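Open the model in your viewer and keep the selection tool at hand. This tour goes from the whole chain to single residues, one selection at a time.

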Amino acid sequence: MTFIKLARCVFALLFVLVTWLTVTPNPDDTKESLAIARWISSMFFGDGGYADKVAHFLAYCSLGGSAALAQLRLAGRPAYTVAGLALYGVMLEGVQGAMGVRDPEIADAVANACGAVAGTLAGGALLALWRARA
């Protein structure tokens with residue numbers, strides 16, 4: 001399996017996982033699963049209360065990074081892929097409200113979009129470094 005195929009499989013799995021986690025109710029044990037996000041929130045913001053936003057950012061950062069490494073391009077342009085991921089994150093926030101699963105939050109949608117941009121930039125930088133070394 002080539003690197004690009006592997007990266008595309010990882011992207012597909014992450015896409016399904018992020019979608020599923022977004023449209024299902026919060027489990028009762030969410031506090032334990034957000035421990036890393038709480039730690040990152042405390043480190044960067046001095047408050048663990050932003051763990052949910054950090055988790056949204058990290059989820060879409062992983063999607064953006066894997067999309068960049070997989071060289072996914074909507075309409076032949078990486079920028080459209082970033083925009084598509086950001087819009088998908090906004091749309092899923094609306095779906096949460098429509099399904100009555102959770103309350104949609106604009107701050108979550110912003111964290112999703114920022115994560116998609118950051119992940120794509122980081123993945124693109126890693127890809128460029130990898131190519132320069134080869």
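Begin with the whole chain selected: of its 134 residues, 32% are buried, where buried stands for a relative accessible area under 20%, exposed for over 50%, and partly exposed for what lies in between, with a 1.4 Å probe and protein chains only. Keep in mind that this is a predicted model, in which local features need pLDDT of at least 70 and side-chain atom pairs count only at pLDDT 80 or more, while totals for chains, interfaces and linings use all residues. Residues are numbered from 1 along each chain as its sequence is written, and side-chain values use heavy atoms, with hydrogens and water left out.

Now switch to a cartoon view, and you will find six helices and zero strands, the helices being DSSP runs of H or I with at least four residues, the strands runs of E with at least two, numbered from the N terminus. Turn the chain along its principal axes, and its C-alpha atoms fill a box of roughly 45 × 35 × 25 Å. If you display contacts (heavy atoms within 4.5 Å), those between residues 24 or more positions apart account for 67% of the contacts with a separation of 6 or more.

Next, select helix α3, residues 35-45, and colour Ala37, Ile40 and Ser41, which are its buried residues. Why do they lie on the same side of α3? They cover an arc of only 100° around the axis, which puts them on the same side; the arc is that of the directions from the helix axis to the C-beta atoms. Add α4, residues 51-69, to the selection, since the buried residues of α3 pack against α4. Then rotate to the face of α3 turned away from its buried side, where you will meet the exposed residues Trp39 and Met43. Before leaving this region, step to Gly46, just after α3, which takes a positive phi of about 70°.

For the last stop, select helix α6, residues 106-133, and pick out Thr120 within α6. Is Thr120 buried or exposed? With a relative accessible area of 15%, Thr120 is buried. To see what surrounds this residue, leave aside its neighbours within four places in sequence and show the residues in contact with Thr120, which are Gly64, Gly65, Ala68 and Val82.
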